[in-house]
Structures are given as C-alpha cells and as structure tokens.
Amino acid sequence: MNADQGYDIIGDVHGCGIQLEALLTQLGYRPDGPNGAYRHPERIAIFVGDLIDRGEDQLRVLEVAKAMTDAGTARIVMGNHEFNALAYATEWPVGSGDFLRKHTDKNNSQHQAFLKQVSDAERTKYLEWFMSLPLWLDLGDLRIIHACWHTESMTIVQEALGGDRFTTVDQLVRASTKGDPLYQAVEILLKGPEISLTDYDQPAYRDKGAHDRDRARVRWWSETASTLREVALIDGNFTTADGAPYPRLPDIEVDATSRSYVYDGSVPVFFGHYWRSGEPSHLVDWTARAACVDFSAFNDGALTAYQWSGESEVRAENFVQLA
C-alpha cells in the first residue's frame with residue numbers, strides 16, 4: 001500500500017470494539033486482509049493509543065488493531081493506558097511483590113476491565129506488543145502523538161531509550177520513577193503538560209472520573225493561548241469538589257513555562273487523550289496545525305477519525321465521527 005495515498009487517524013478507542021469496527025467500515029475498510037485484518041484499498045489507519053481500559057470489547061479491539069498493524073494496514077503510537085498496563089504488570093524489584101504502577105484501589109479500578117476481559121496468556125502477548133509501540137510517529141509531513149508533541153521531551157526519550165520506544169525493563173523503571181528526567185518526559189508525551197490552579201488562587205475541580213484535581217491540562221495546541229482561561233482545559237461540565245459548577249477562569253497571564261509547550265511547528269500534528277465532546281470545534285479542539293481526535297467514545301461520545309490526505313492545515317470537513 002502506498003502511504004502517500006492518505007491516513008485515517010483514529011482517536012482513543014478504550015475498548016469500544018463495536019464502535020471501532022463500525023467506524024472502520026464507515027471509512028471504507030473491510031476485514032479481508034491477512035488474518036482478517038481490516039484494510040482499505042488506498043489508505044492506512046493510525047491509532048493514537050489508549051486502545052484499552054473502560055470498554056466492554058477490549059480483547060476485540062486489541063485483535064483488530066494488532067492484526068491491522070501486523071498486516072501493514074495500520075500504524076499506532078503508545079497511549080498512557082498502554083504504558084500504565086506495562087507498569088502495572090511489571091514487578092519491581094523482582095520478587096518484591098511491588099509493581100511499577102502500584103496496585104492501589106484506584107489503579108485496580110481503572111485497570112479492572114482489561115484484567116477481566118483479557119486472559120493471562122492473551123494479556124502477555126499484548127503486553128509484549130505494547131512494549132514495542134513507538135511513543136510518536138514523525139512521517140515527515142504528518143506527526144502523531146498520544147498527548148503532547150514536545151521536542152525537548154522527545155530528545156530526552158531518544159537519549160535514554162536510544163530511539164522512540166522502550167526496549168528494556170530498566171527503561172520502564174526510569175520512566176516510572178518520579179524525579180528521573182525520563183519520567184517527566186514520558187509524562188509530557190503520554191499525559192500532557194499541566195498547570196497548577198492553586199498557584200492562581202483557583203479551586204480544585206472534579207474530573208470526569210470523579211477525581212478531585214488541582215492541576216488542569218494545558219491547551220498546548222493553541223498557538224495564541226496566554227491567559228489562564230485560554231491555557232487551562234476546564235470543561236463546562238466540570239464541578240468543584242463540593243459539586244458546584246466550576247467558576248469561569250480569569251483572564252490573567254500565565255507563566256512562561258506553561259506557554260513553552262505551545263506547538264509552533266509547521267507540520268500538522270494529531271493527538272488523542274483529552275476527552276473532548278460533541279463535534280470538533282475551532283480553537284477548542286483544533287487549530288490550523290494541531291488537532292485532537294479523542295471525542296470520548298466510551299463516555300457517550302462518538303469515535304472520531306481525521307482523514308488526512310497531504311494537507312498542511314487541519315480542515316474541519318476532514319473529521320469523521322461514527323454515524
């Protein structure tokens with residue numbers, strides 16, 4: 001297949017297998033490739049990560065995505081949920097009964113569906129696959145990352161890993177250890193930068209997972225964002241910790257560090273992770289050269305793709321949501 005013919009960039013699937021197969025069909029893919037892999041006669045799919053957790057069809061999602069990548073009809077980058085699965089499964093030190101991602105009630109709950117739906121033998125196979133996934137794709141005139149395209153963090157990763165993916169357990173250990181430069185770099189790339197609300201005298205908020213947070217995600221894809229209201233990604237349906245509607249953020253300038261993550265590249269970059277809702281809207285979910293394709297497929301949203309065919313700027317009409 002000629003990669004120049006176009007890519008369909010698919011947002012976070014989170015175990016929504018029925019939706020994934022329906023979207024692939026809507027995009028023109030058919031399961032007639034090697035081992036039943038979905039393929040398109042002219043295009044290649046790209047998954048932005050977070051195939052797992054939450055949904056009811058996680059094994060089927062993994063079967064579809066891996067068959068496609070094995071057949072060359074799709075490509076993929078690692079999401080934070082794939083990274084978390086690796087850390088959750090990695091005992092460290094060996095024999096200690098401790099794991100890189102602690103088996104706390106919160107982490108167990110977040111990972112329970114994956115553990116329940118994917119058997120031990122199958123899980124081992126897919127964890128090995130996760131380990132091989134690149135953290136980003138730079139295809140020359142197109143870039144893909146799960147959460148944030150940040151050159152400085154990528155440089156740290158390349159120096160630590162010798163490339164764009166993990167190859168040893170020791171590297172996973174470093175990436176799971178707070179204070180290690182690799183930990184911070186992977187956090188930025190797979191979870192995105194955040195800004196402290198308390199530093200600007202703003203209250204904590206309750207997110208969609210019912211967790212109280214005093215740090216907000218940064219809208220790094222907005223080239224013009226400079227104030228707290230513009231930079232901090234606080235959805236209108238968020239509340240304060242006591243359940244009250246979250247107050248409108250003030251128009252006060254943020255520090256230079258938060259603005260340093262703003263993407264100023266000339267190559268379009270696509271990403272997932274941010275649980276957007278509704279239909280893609282200008283300046284909130286995408287700009288001329290950066291676009292989110294995660295529209296909360298698990299949380300009553302629509303699995304979303306962007307059909308890229310060589311354009312240098314994002315076009316609203318190229319977003320496709322599951323009908």
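**Note on salt bridges, aromatic pairs and a pocket**

1. The structure holds 17 salt bridges, and it should be kept in mind throughout that this is a predicted model. As a general point, side chains of opposite charge can pair when their charged atoms come close.

2. Asp285 and Arg276 meet through their side chains in a salt bridge, with an N to O distance of 2.5 Å. Asp285 is buried, with a relative accessible area of 2%, and Arg276 is buried as well, with a value of 6%.

3. A salt bridge also joins the side chains of Glu313 and Arg289, at 3.6 Å from N to O. Glu313 lies in the loop between β14 (304-308) and β15 (319-321), whereas Arg289 lies in the loop between β12 (269-271) and β13 (290-292), so the pair ties together parts that are 24 residues apart in sequence. Glu313 counts as partly exposed, at 39% relative accessibility, and Arg289 is likewise partly exposed, with a relative accessible area of 24%. Elsewhere, Glu21, Arg60 and Glu63 are joined into one network by salt bridges that share partners.

4. Arg259 and Glu253 supply the side chains of a further salt bridge, for which the N to O distance is 3.8 Å. Of these partners, Arg259 is partly exposed, with a relative accessible area of 32%, while Glu253 is exposed, at 52%, a value that lies over the 50% cut-off for that class.

5. Turning to the aromatic residues, a search of the whole structure finds 16 aromatic pairs. Tyr205 and Tyr246 form one of them: their ring centres are 6.3 Å apart and their planes stand at 90°, so the pair is edge-to-face. This pair links distant parts of the chain, since Tyr205 is in strand β7 (residues 205-206) and Tyr246 is in the loop between β11 (239-240) and α10 (256-259), 41 residues apart. Tyr205 counts as buried, at 4% relative accessibility, and Tyr246 is buried too, with a relative accessible area of 11%. Separately, ring pairs link Trp220, Trp221, Tyr263, Phe271 and Tyr274 into a cluster.

6. Tyr246 appears again in the lining of the second largest pocket, together with Arg219, Arg229, Ala232, Ile234, Asp235, Gly236, Pro247, Arg248 and Leu249. About 220 Å³ of space lies in this pocket, and by class its lining has five nonpolar, one polar and four charged residues.

How values were computed
Residues numbered from 1 in each chain as written. Predicted model: local features only at pLDDT ≥ 70, side-chain atom pairs only at ≥ 80, totals over all residues. Heavy atoms only, no water. 1 Å grid on protein atoms, 1.4 Å probe; cavity = no way out; pocket = protein on both sides within 12 Å on 5 of 7 lines; lining within 4 Å. Points joined across faces, edges and corners; volume = space filled by probe spheres on them. Nonpolar A, V, L, I, M, F, W, Y, C, P; charged D, E, K, R; others polar. Salt bridge = Lys/Arg side-chain N within 4 Å of Asp/Glu carboxyl O. Buried < 20%, exposed > 50% of the residue type's maximum accessible area, 1.4 Å probe, protein only. Helix = DSSP H or I, 4+ residues; strand = E, 2+ residues; numbered from the N terminus. Phe/Tyr/Trp six-rings, centres within 6.5 Å; stacked < 30°, edge-to-face > 60°.
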